Amino acid sequence: MKKITRREALKIAALAGGSVLLPVALQNRGYAQRTDERVEPFTLAFHTPPVLNPVRSDSTTDYYQMTLQRANVEILPGRTTEIWGYNGTFPGPTIKQRQNRQSVVRFINNVGVPTSAHLHGMASLPQYDGYAEDLIPQGYYKDYTYPNPTAATLWYHDHALGQTSVNVYRGLAGMYIVQDDNELNLPLPKDDYDIPLIIQDKIFASNGSLIFDDQAQHGLMGDVITVNGVPWPRMEVANRKYRFRVLNTSVSRSYKLALSTGDDLIVIGTDAGLMSAPVNTRDMRIGMAERYDLIIDFSRYSIGTQVVLQNLGPPNNDNTGNTNKIMRFDVVRSESDNSSIPSTLRNIQFIPESSAVRTRDFTFEQGGNPLWVINGNGWDRNAIDANPQLEEVEIWRLHNNSGLWFHPVHLHLIDAQILDRNGQPPFAYERGLKDVFYVGENETVRIIGRFRPQIGKYMYHCHNMVHEDHDMMRQFEVGQGGIDPLSAPAQPLPAPAL
Ligand code: C2O
Ligand code: CU
Ligand code: CU
């Protein structure tokens, strides 16, 4: 991989029409050769990942199977890229499940590297949570059981200790949607008008292969923005409302979404499901692993209108080149629209601050070895940072004392809510249930959550996957005597019938 100097990088940034100011955190570090001139934004067709059918179903459970494998695919026109994908695709197939039906998902590892499968957002038992040391080696499989208690946009991804950034970057991520009757009975856009937007930035070498450059463990900044695996796609839409489930699977990049027309995005859902009421916003930040469900109303545009989903470029990302755009919607046909956005989406019981039994402080910062630490510590399977009892409510204060980077902090197992950020209310669109909390530059974010529905050891970490791998990840334990996360190890192939 060719490294370039900062001076060359600045020159390229200027030529690309981007800001000539590199983010402070990127200065003095070379970054990979830019390749974005190889594909013109908005020339490639939008694509929706396929929905995965169960292998079989019984009265309580749907059984799914996916094989992790390498595949050569065309991402850049005329070039071949090796990806590592679930069923050889990036993103992996979407699983759609109904609330309270159980899923059993068999992951078969034929991708050549050890993997751990985590369903992000699911309250899984410890042995099915994709614990970072609970690895599925090449030639092994593991069956994971998921209870699906709440409707939300989730995602599954690799969680192998120290390797998550590489493995997710190469393609090991997919969406998992749980729906319930309440949501399906709302008049929101459905089916063909309810569409995943899985965003990830990438760096390509001139031969089409992926370059993984984490800038000496600081972060990976791709110059090509993909949506559902396609660079800057162009989607043909009707002049009506669509629901988009936006998921940021980028390794290190956050985005600030906005429409080129200046019209509002209508936020109806956060990480852990529908909001209580829709929130209109001109722009919004989305950190790595966050999910926001948005309605875009194309009915106000005449046929022929082009609407760009822009990235206004939050600080401490490399916001040069074409990273200021994500995709384009072309309004090409008229259709009637019987969907609407109810003023009440669901009834969320927010936890009052007074019910917290304690407050804990967690400082996310740069260390030495490892490079990234929480309260001074990196990963240690035998260490427990917090031991709330089952059903206890706690407030966690998440501190980022640096102006040089941001940390989207993720807690496994629980959904929580943001109380405040630097003493101020959170953004209106963050006022739902969440499992990732954007702790921006010099921010302290207070979150409140109830530790349920089961006991056991669970990880929490920064979802900048480069930070997570080096080693900004620790664990808490709910109650005592939970199931050991390592108690259901992967089994060698061949596997018995599901
Ligand atoms: Cu999305 Cu611990 O992960
Ligand atoms: Cu998770
Ligand atoms: Cu971080």
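Are His-118 and His-410 buried or exposed? In this predicted model, His-118 is buried, and His-410 is buried as well. Both residues coordinate the copper ion (ligand 2) through their NE2 atoms, at 1.9 Å. Since His-118 belongs to strand S6 (residues 117–120) and His-410 to strand S25 (residues 407–411), the pair ties together parts of the protein that are 292 residues apart in sequence.

A further copper ion (ligand 3) has as its protein donors His-407 (ND1), Cys-462 (SG) and His-467 (ND1), which lie 2.0 to 2.1 Å from the metal. The spacing of these donor residues along the sequence is H-x54-C-x4-H. Distant parts of the chain are linked here by His-407, in strand S25, and His-467, in helix H4 (residues 465–469), which are 60 residues apart. With a relative accessibility of 0%, His-407 counts as buried, and His-467, at 1% relative accessibility, likewise counts as buried.

As to the overall fold, the protein has 4 helices and 31 strands. Its radius of gyration is 21 Å, close to the 23 Å that the globule rule gives for 498 residues, so the protein is as compact as a globular protein of that length. The C-alpha trace spans about 60 × 55 × 55 Å along the principal axes, and buried residues make up 61% of the 498 residues. Of the contacts with a separation of 6 or more, 79% are accounted for by residues 24 or more positions apart.

The largest nonpolar core comprises 98 residues, of which Phe-107, Phe-244, Leu-257, Phe-298 and Phe-329 touch the most other members. Strand S9 (residues 173–179) gives the most to this core, contributing 5 residues. Apart from it lies another core, of 27 residues, which includes Ala-123, Ile-374, Ile-447 and Cys-462; Cys-462 is also one of the donors of the copper ion (ligand 3). When neighbours within four places in sequence are left aside, the contacts of Phe-244 are Ile-195, Leu-197, Met-235, Tyr-292, Asp-293, Leu-294, Ile-296, Phe-298 and Phe-329.

Aromatic pairs number 27 in the structure. One of them, formed by Phe-298 and Tyr-301, is tilted, with 6.3 Å from centre to centre and 55 degrees between the planes. Phe-298 counts as buried at 0% relative accessibility, and Tyr-301 counts as buried at 9%. The rings of Trp-396 and Tyr-460, by contrast, have centres 5.3 Å apart and planes at 75 degrees, so that this pair is edge-to-face. Because Trp-396 lies in strand S24 (residues 393–400) and Tyr-460 in strand S29 (residues 456–462), the pair ties together parts that are 64 residues apart in sequence. Trp-396 is buried, with a relative accessible area of 1%, and the value for Tyr-460, which is also buried, is 1%.

One aromatic cluster is formed by Tyr-86, Phe-107, Tyr-144, Tyr-146, Tyr-156 and Tyr-176. Within this cluster, Phe-107 is also among the residues that touch the most other members of the largest nonpolar core, while the ring of Tyr-144 has the charged end of Lys-142 sitting over it, 5.1 Å from the ring centre. In a similar arrangement, Lys-202 lies over the face of Tyr-169, at 5.0 Å from the centre of the ring.

Conventions:
Residues numbered from 1 in each chain as written. Chains lettered and ligands numbered in written order. Predicted model: local features only at pLDDT ≥ 70, side-chain atom pairs only at ≥ 80, totals over all residues. Heavy atoms only, no water. Core = buried A, V, L, I, M, F, W, Y, C linked by side-chain atoms within 4.5 Å. Buried < 20%, exposed > 50% of the residue type's maximum accessible area, 1.4 Å probe, protein only. Helix = DSSP H or I, 4+ residues; strand = E, 2+ residues; numbered from the N terminus. Contact = heavy atoms within 4.5 Å. Donors = N, O, S within 2.8 Å, 3.2 Å for Na, K, Ca; no water. Phe/Tyr/Trp six-rings, centres within 6.5 Å; stacked < 30°, edge-to-face > 60°. Lys NZ or Arg CZ within 6 Å of the ring centre and 35° of its normal. Rg over C-alpha atoms; globule rule 2.2 N^0.38 Å.
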